[in-house]
Protein chains: 2
Amino acid sequence: MAQTPRERARLRTMEDITRIGREHLALHGAAGLSLRAVARDLGVVSSAVYRYVGSRDELLTLLVVDGYNALGDAVDAALAEVPEQDYGAKFRALGRAVRVWGLAEPARYGLLFGSPVPGYNAPAEQTTAPGTRVVGRLVEIIDGAFGAAVLEPVQAGSRSTGSLMEDLSAIKAQLGLAVPEALLARGVLVWAALFGAVNFEVFGQYGAATFGDPAALFECHLDALAGLVGLPGSG
Amino acid sequence: MAQTPRERARLRTMEDITRIGREHLALHGAAGLSLRAVARDLGVVSSAVYRYVGSRDELLTLLVVDGYNALGDAVDAALAEVPEQDYGAKFRALGRAVRVWGLAEPARYGLLFGSPVPGYNAPAEQTTAPGTRVVGRLVEIIDGAFGAAVLEPVQAGSRSTGSLMEDLSAIKAQLGLAVPEALLARGVLVWAALFGAVNFEVFGQYGAATFGDPAALFECHLDALAGLVGLPGSG
DNA sequence: AACTTTTGAGAGCACTGCTCTTGACAAGTC
DNA sequence: GACTTGTCAAGAGCAGTGCTCTCAAAAGTT
């Protein structure tokens, strides 16, 4: 299907709008994203932008999807540099990629993982697929390591009953995983903990407790998190 | 010093403003907090509110301090119900209190631990003290458990060198702690991980992966986190 | 009673998201 | 070529925002 000149022009304008939107997001945050300001930077009157983007929320969705994909691409690129079977290194590379990306793009990171933008509900049909790329990679790593039998045993804890196990079983079945439920639960914790650590750093929650070398602290955390799912320690 | 009627009236109005601000925060989020709307609810014209609160940012600071104290009070109340020496139970009570408070007050929680409000910088001199109450309790628990020698040994990992150790030593000395540096690092991770897990639940990051009983998953996480610093498991 | 301080009201500026109407222009059709 | 159709930008307008200013009334002080 050949692109008509119109389609080409429209696509270019859409790309310009998302690019300018990204810049404004970085400067003024999600709540400060203004369609009028985007229009000004685009060299166009505000109402013209509405021909391309139906509303401010639609622009926000565009940027959310764009952000998830940028983070996903960064993680994928980092994972591509690691030998296929070195699951410990893969986990660490994933964690580092998330941290580096978040620190480099705090506004986009905040849009994805910070407090929800008031009055905005991300449409699930557009955001879930790109939004689950990172956690998908994480379970791939854990499941792969489990399949390769390189995981140290994880004591399950005493909570092996109840509806939680059913939920985990359902997820396990849905994703076609081999890992036991207890390990899957650990994986969820590692997922949440990883983003918790990055959150604190990106959002400046460490605050007064200034760590001279935050990266070293993060590596320390990665080691502990890897141990939590039984991944072998580094060096 | 006796309060003059004017001082009383002023204090009452200030309380009314923060209360209404809290309500608006819960309904419209931090970015949607409007001084004009607060004035309307107060039954007063917008400029009158500026007699009490110098700017929108000042109102935000008021609400941040208020939020930190509310969370700190909730944690303290939860800790008071636990026997003094049961450090494992204290840790779990702290974690549960944070989660319950966050789920009950998602907007205030988001103001404290979500993405920073664009264009707003919390003045450190007013927010650090209440902002460190929870983490202060956490290190109290870990340090207390270490002092009582009830912690299982924690393998330090191989990263026992470098500037990180110096930073941790400095913090340790500043707070007058007895715990070894490696355990302190674990404590920081547990802190970040705890809020990471609560973040995901409060901000709806779990999204599609619906856990029928999120509290059970959280208990599972608490167990794992307790183990991370060597606190004894529950039941 | 006279004076000072505090307070609220109202107007105003520049900004926002969004809607509506109007007119210009290009693409396809008879 | 003339005509219809669809796309686009411009501008005005509405209701809301943060914030500043002036002015008059109220409250407290002497």
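Biologist: How far apart do the C-alpha centres of domain 1 and domain 2 of chain A lie?
Modeller: This is a predicted model: local features need pLDDT of at least 70, side-chain atom pairs count only at pLDDT 80 or more, and totals for chains, interfaces and linings use all residues. Residues are numbered from 1 along each chain as its sequence is written, while chains are lettered from A and ligands numbered from 1 in the order in which they are written. Chain A is divided into domain 1 (1–54) and domain 2 (64–228), with bounds from an automatic or database domain assignment. The distance between their C-alpha centres is 32 Å.

Biologist: How many residues does domain 1 of chain A bring to the contact with domain 2 of chain A?
Modeller: Contact means C-beta atoms, placed from the backbone, within 7 Å. Domain 2 of chain A gives six residues, and domain 1 of chain A also gives six.

Biologist: Which helix of chain B gives the most to the side that touches chain A?
Modeller: Chain B puts 51 residues in contact with 50 of chain A. Helices (DSSP runs of H or I, at least four residues, numbered from the N terminus) that each supply at least two residues include α6 (106–113) and α7 (124–131) of chain B. The top contributor, with 11 residues, is α10(B).

Biologist: What reach, first C-alpha to last, has helix α9 (residues 163–175) of chain B?
Modeller: This helix has 13 residues. The expected span is 1.5 Å times one less than the number of residues, here 18 Å. The model comes close to that, at 19 Å.

Biologist: Why do the buried residues of α9(B) sit on the same side, and which helices do they pack against?
Modeller: B:Leu164, B:Asp167 and B:Leu168 are buried (20 or more other C-beta atoms within 10 Å of their own; exposed is 12 or fewer, partly exposed in between). They share a side of α9(B) because they cover an arc of only 95° around the axis, taken from the directions of their C-beta atoms. The face turned away carries exposed B:Ser163 and B:Ala173. The packing partners of the buried residues are α11 (214–228) of chain A and α10 (181–202) of chain B.

Biologist: Which residue follows α9(B)?
Modeller: Its phi is positive, near 65°. The residue is B:Gly176.

Biologist: Which residues are closest to DNA strand C?
Modeller: Near means a C-beta atom, placed from the backbone, within 6 Å. In total, 21 residues surround the strand. Helices of chain A that each supply at least two of them include α2 (35–42) and α4 (56–80). The closest are A:Ser34, A:Arg36, A:Arg56, B:Val45 and B:Ser47.

How values were computed: Two residues are in contact if their C-beta atoms, placed from the backbone, lie within 7 Å.
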